[in-house]
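Colleague: I'm new to this one and would like a close look at a single part. Could you pick a helix, walk me through it, and then show me how the rest of the chain is put together?

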Amino acid sequence: MGDRGAAAGGGARRRRGGGPAAGGAPPPPGPAQDGSAGDSGHDPGGDFRCHKVQESLLSSASGYSNYRGVLNWCVVMLVLSNARLFLENLIKYGILVDPIQVVSLFLKDPYSWPSPCLIIVSNVFALVALALERRLAAGSLSEGAGAALHALNLLLVLCFPAAVVLAVTSITPVGAVFALAIYTIIFLKLFSFRDVNRWCRERRGQKTPPPGAADAASKANGDVGTSGVTYPANLTYRNLYYFLFAPTLCYELNFPRSPRVRKRFLLRRLCEMLFFIQLLVGLIQQWMVPTIQNSMKPFRDMDYSRIIERLLKLAVPNHLIWLIFFYWFFHSCLNVVAEVMQFGDREFYRDWWNSESVTYFWQNWNIPVHKWCLRHFYKPMLKRGVSKWTAQTAVFLASAFFHEYLVSVPLKMFRLWAFMGMAAQIPLAWFVSKFLRGNYGNAAVWMSLIIGQPIAVLMYVHDYYVLNYEGAQ
């Protein structure tokens, strides 16, 4: 009886407390009302919850991916750390930047200009290739003889400048690199010029369009006029030299053209060119040269701990200079040339910085070379029945040859460091693709770029110093 009275009294008190049935104010919203928890009758503390099942943001299971603030922090730390290194460099060495010294890197004697003269002579090989193609188009030269003469001309494009650089003592290493780079570009362009014209002759021999086919095609297209060039009308000086100056290595009879020259765009790229070339010269003279000079003694003493320390110290300026050079050349310079020539295809690079494999990096950081290798080297090998792995290895070895050609010949010493560095990309590419994925693969690519280049630089500088300075003493 007493229990029933207490229960009734409790119920009366609850009704006097102003529940919904009594017309009072509704209770504050809680988990039971917004659907985030069950009935509060089964969970007495349900109205006071502030926790739920969830992962920490830095856990992979959380699905969180907005790390913009962390990226900004990394940029700030990178700027501050490099600013400290720059101030340390200024305090230790003073201002070493000397624009006049850059001229001496290209010319030993102001009255002797071997590198520019060597570049001018390259026109001879381009004109020989055009003359051969004209004879082949006219039928006055057989395909076999034309192929042999083209091969001889291409061989001379590589051998002639190398012989001149090795024989002429007044040419500087920097001037020789510049001249040999021009000849290498001409070699690749004339190789493509020969292949495309040969393909045009093969197509013309296989299928000749019937009379009036062109008129029928124009009517079917609504009488839209085209200014396209057909073979052999493309074999002109104008067509050849447009190709030689265009920012591409792959020849076409009709290149895509932009409708006009954008003056503001051109002016921005020109300003970038001027600014970044001065920045490159300043960084090399102020930061990189002293670091390399201070690395010679550890190499002579074979002090491995100091060698590793110098290698890591050189890695930062070397990589920064490489990144600036990439933007300066592939974005600023090539876009200036393309804009002036109204060349429409501006894909000079892709997102190589997101590379998760070594192969992806080499396929995307230099699109003109990649297109040439794919079109004139890789696919022709596959058509001849060569396996993909063998063709890829051959492409890497060909690239290794040209890297060594552009370093050993100007320095007039043959150490094969560049060749071995490029050849080492083959097992590295296999290892990364086999065992590393995603961010780990991307980190491996960045590590190979940051550490691999300084190793080659130090090896060549050490050997050049020993050969030209210690040997002279």
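Modeller: Here is a walk along one helix, followed by a look at the inside of the chain.

Keep in mind that this is a predicted model. The chain holds 18 helices and zero strands, and the one I'd pick for you is helix 3, which covers residues 68–93.

Let's start with its length. Helix 3 has 26 residues, and at 1.5 Å a residue they should span 38 Å. The end C-alpha atoms are 37 Å apart, so the expected span and the model agree. Just after the helix comes G94, and its phi is positive, near 75°.

Now look at the side of V70, a residue of helix 3. Is V70 buried or exposed? Neither, really: its relative accessible area is 44%, and because the partly exposed class runs between 20% and 50%, V70 counts as partly exposed. V70 also belongs to a nonpolar patch on the surface, along with L57, L58, Y64, Y67, W73, V76, M77 and L80. Together these residues offer about 940 Å² of accessible area. For the whole chain, the exposed area is about 29100 Å², with carbon and sulfur atoms supplying 66% of it.

From the surface, let's go inside. Buried residues make up 34% of the 473 residues in the chain. The largest nonpolar core has 63 residues, and F187 and L190 are the ones with the most contacts inside it. Helix 7, residues 173–206, gives the most to this core, with 12 residues. If you leave aside neighbours within four places in sequence, F187 touches L154, V157, L158 and F402. Another core lies apart from the largest one; it has 16 residues, including F276, L280, F299 and C333.

Partners far off in sequence are a big part of the picture for the chain as a whole. Among contacts with a separation of 6 or more, 73% are between residues 24 or more positions apart.

One last stop is L323, which sits in helix 12, residues 304–341. L323 has a relative accessible area of 29%, so it is partly exposed rather than buried. Setting aside its neighbours within four places in sequence, L323 is in contact with two tryptophans, W352 and W446.

Methods
Residues numbered from 1 in each chain as written. Predicted model: local features only at pLDDT ≥ 70, side-chain atom pairs only at ≥ 80, totals over all residues. Heavy atoms only, no water. Helix = DSSP H or I, 4+ residues; strand = E, 2+ residues; numbered from the N terminus. Buried < 20%, exposed > 50% of the residue type's maximum accessible area, 1.4 Å probe, protein only. Contact = heavy atoms within 4.5 Å. Areas by Shrake-Rupley, 256 points an atom, 1.4 Å probe, with all protein chains shown as cover. Patch = residues over 30% accessible without salt bridge, like charges linked within 9 Å, V, L, I, M, F, W, Y side chains within 5 Å. Salt bridge = Lys/Arg side-chain N within 4 Å of Asp/Glu carboxyl O. Core = buried A, V, L, I, M, F, W, Y, C linked by side-chain atoms within 4.5 Å. Expected span 1.5 Å × (residues − 1).
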